[in-house]
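Reader: I'm new to this one, so could you show it to me and let me ask where the labels come from?

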Amino acid sequence: MIYTRTVENCCTIGDNGKWGACMAKTETQVTIRVTSNFKERLEMQAQRERRSVASMVRIVMEDYLERKEKEAEL
């Protein structure tokens with residue numbers, strides 16, 4: 001399942017209750033199925049790096065794609 005949604009006026013509110021940064025943002029979600037063991041390993045690694053699972057997956061996939069794109073250039 002892949003879909004895109006645009007969130008208008010995505011704003012943050014600080015601990016002091018004041019508005020922070022506001023910006024329009026587009027998010028695309030990609031859903032995958034993995035084994036329970038893979039999910040546990042991913043969660044553990046994300047926790048060790050103090051990242052969310054989504055952030056961890058995004059970083060790993062970006063690194064992979066960059067490497068493959070460089071290989072294709074050769």
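Author: Here are some questions about the labels, each answered from its definition.

Author: Before we start, this is a predicted model, where local features need pLDDT of at least 70 and side-chain atom pairs count only at pLDDT 80 or more, while totals for chains, interfaces and linings use all residues. Residues are numbered from 1 along each chain as its sequence is written, and side-chain values use heavy atoms, with hydrogens and water left out.

Reader: What is the mean pLDDT of the protein?

Author: The mean is 79, and 64% of the residues reach 70 or more; pLDDT is the predictor's confidence in each residue, from 0 to 100. Among the elements, helix α1 (residues 36–48) has the highest mean, 95, and strand β1 (residues 2–13) the lowest, 53.

Reader: What makes something a helix or a strand here?

Author: Both are DSSP runs: H or I over at least four residues for a helix, E over at least two for a strand, numbered from the N terminus. By that rule the protein has two helices and two strands, in the order β-β-α-α from the N terminus on.

Reader: Why is the Glu-43 and Lys-39 pair called a salt bridge?

Author: The term asks for a side-chain nitrogen of Lys or Arg within 4 Å of a carboxyl oxygen of Asp or Glu. Glu-43 and Lys-39 have N to O at 3.8 Å, so the pair qualifies. Both residues lie in helix α1, four residues apart, about one turn of the helix. In general, side chains of opposite charge can pair when their charged atoms come close.

Reader: How many salt bridges are there in the whole structure?

Author: A search finds three. Another one joins Arg-51 and Glu-49, with the closest N and O atoms 3.4 Å apart. Glu-71 and Lys-68 also meet in one, at 3.5 Å, N to O; they're both in helix α2, three residues apart, about one turn of the helix.

Reader: Why is Lys-39 called partly exposed?

Author: Buried means under 20% relative accessible area, exposed means over 50%, and partly exposed is in between (1.4 Å probe, protein chains only). Lys-39 has 47%, so it falls in between. Its partner Glu-43 is at 35%, so that residue is partly exposed as well.

Reader: What share of the protein counts as buried?

Author: Buried residues make up 5% of the 74 residues.

Reader: What makes the nonpolar patch on the surface a patch?

Author: A patch takes residues with over 30% relative accessible area and no salt bridge, joining nonpolar side chains (Val, Leu, Ile, Met, Phe, Trp, Tyr) within 5 Å and like charges within 9 Å. Val-53, Val-57, Val-60, Met-61, Tyr-64 and Leu-65 form this one, with about 460 Å² of accessible area together; areas come from the Shrake-Rupley method with a 1.4 Å probe, and for residues only the protein chains shown count as cover. Val-57 has 31%, so it passes the area cut-off. Leu-65, at 44%, passes too. Leu-65 is found in helix α2 (residues 53–73), and Val-57 lies in helix α2.

Reader: Why is the other patch, with Glu-66 in it, called negative?

Author: Its residues are Glu-62, Asp-63, Glu-66, Glu-69 and Glu-73. Lys and Arg count as positive and Asp and Glu as negative, with His and the chain ends not counted, so the name fits. Each charge is placed at NZ of Lys, CZ of Arg, CG of Asp or CD of Glu. Glu-66 has a relative accessible area of 43%, so it clears the area cut-off for a patch.
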